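Hi,

Here is the structure I said I would pass on. Have a look at it first, and my notes follow underneath.

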Amino acid sequence: MFKGNNLKTWDEVVEKFLKKYFLESKTEEGKAVISSFYQFPNESLSEALERFHGLLRKTPTHGFSEPIQLNIFINGLRPQSK
């Protein structure tokens, strides 16, 4: 018999999914990689941004606000890219 589902919103579904498939250890590992982001020597600004966005997507439970994400990205750029 089908049990009633207590999930009422899409956000609740997403939260439950992420808690099940993105373990805390995986989140912490992803946060460490994001936090230590830096632009490679021969990497263009657009390539660095694309790679940074990929890191954020890889760990959707990172919890960094947009201002913090921007600070991490800018701080990781080479001086000539800033």
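Trp10 sits in helix α1, which covers residues 10-21. Keep in mind that this is a predicted model. Is Trp10 buried or exposed? Its relative accessible area is 65%, and because the cut-off for exposed is over 50%, Trp10 counts as exposed. Together with Val13 and Val14, Trp10 makes a nonpolar surface patch of about 300 Å².

Next, the pocket side of things, which may be more your line. The largest pocket holds about 170 Å³ of space. Which residues line the largest pocket? They are Lys26, Glu29, Gly30, Val33, Ile34, Leu55, Lys58 and Thr59. Sorted by class, that lining has three charged, three nonpolar and two polar residues. Two helices, α2 (24-35) and α3 (45-58), each give at least two residues to the lining. The largest share comes from α2, with five residues.

One of those lining residues, Gly30, also turns up in a distance I looked at. Arg57 and Gly30 are 27 residues apart in sequence, and their C-alpha atoms are 9.9 Å apart in space. Arg57 itself is in helix α3. With a relative accessible area of 61%, Arg57 is exposed, since the cut-off for that is over 50%.

On to charges. How many salt bridges does the count come to? The answer is one. The partners are Arg51 and Glu43, whose side chains meet at 2.8 Å, N to O. The two ends differ in their cover: Glu43 has 9% relative accessibility and counts as buried, whereas Arg51, at 24%, counts as partly exposed. That split follows because buried means under 20% relative accessible area, and partly exposed is the range between that and the exposed cut-off of over 50%.

Last, helix α4, which runs over residues 66-75 and contains Ile72. Ile68 lies in α4 too. What is the relative accessible area of Ile72? It is 13%, so Ile72 is buried. Ile68, in contrast, has 40% relative accessibility and therefore counts as partly exposed.

Both of these isoleucines also have a C-alpha distance in my notes:

- Ile68 to Ser35: 33 residues apart in sequence, 9.6 Å apart in space.
- Ile72 to Arg57: 15 residues apart in sequence, 15 Å apart in space.

So if you want a quick place to start in the viewer, I'd suggest the pocket lining, with Gly30 and Leu55 among its residues, and then the Arg51 and Glu43 salt bridge. After that, turn to the patch made by Trp10, Val13 and Val14.

Shout if anything is unclear.

Cheers

Notes:
Residues numbered from 1 in each chain as written. Predicted model: local features only at pLDDT ≥ 70, side-chain atom pairs only at ≥ 80, totals over all residues. Heavy atoms only, no water. Patch = residues over 30% accessible without salt bridge, like charges linked within 9 Å, V, L, I, M, F, W, Y side chains within 5 Å. Areas by Shrake-Rupley, 256 points an atom, 1.4 Å probe, with all protein chains shown as cover. Salt bridge = Lys/Arg side-chain N within 4 Å of Asp/Glu carboxyl O. Helix = DSSP H or I, 4+ residues; strand = E, 2+ residues; numbered from the N terminus. Buried < 20%, exposed > 50% of the residue type's maximum accessible area, 1.4 Å probe, protein only. 1 Å grid on protein atoms, 1.4 Å probe; cavity = no way out; pocket = protein on both sides within 12 Å on 5 of 7 lines; lining within 4 Å. Points joined across faces, edges and corners; volume = space filled by probe spheres on them. Nonpolar A, V, L, I, M, F, W, Y, C, P; charged D, E, K, R; others polar.
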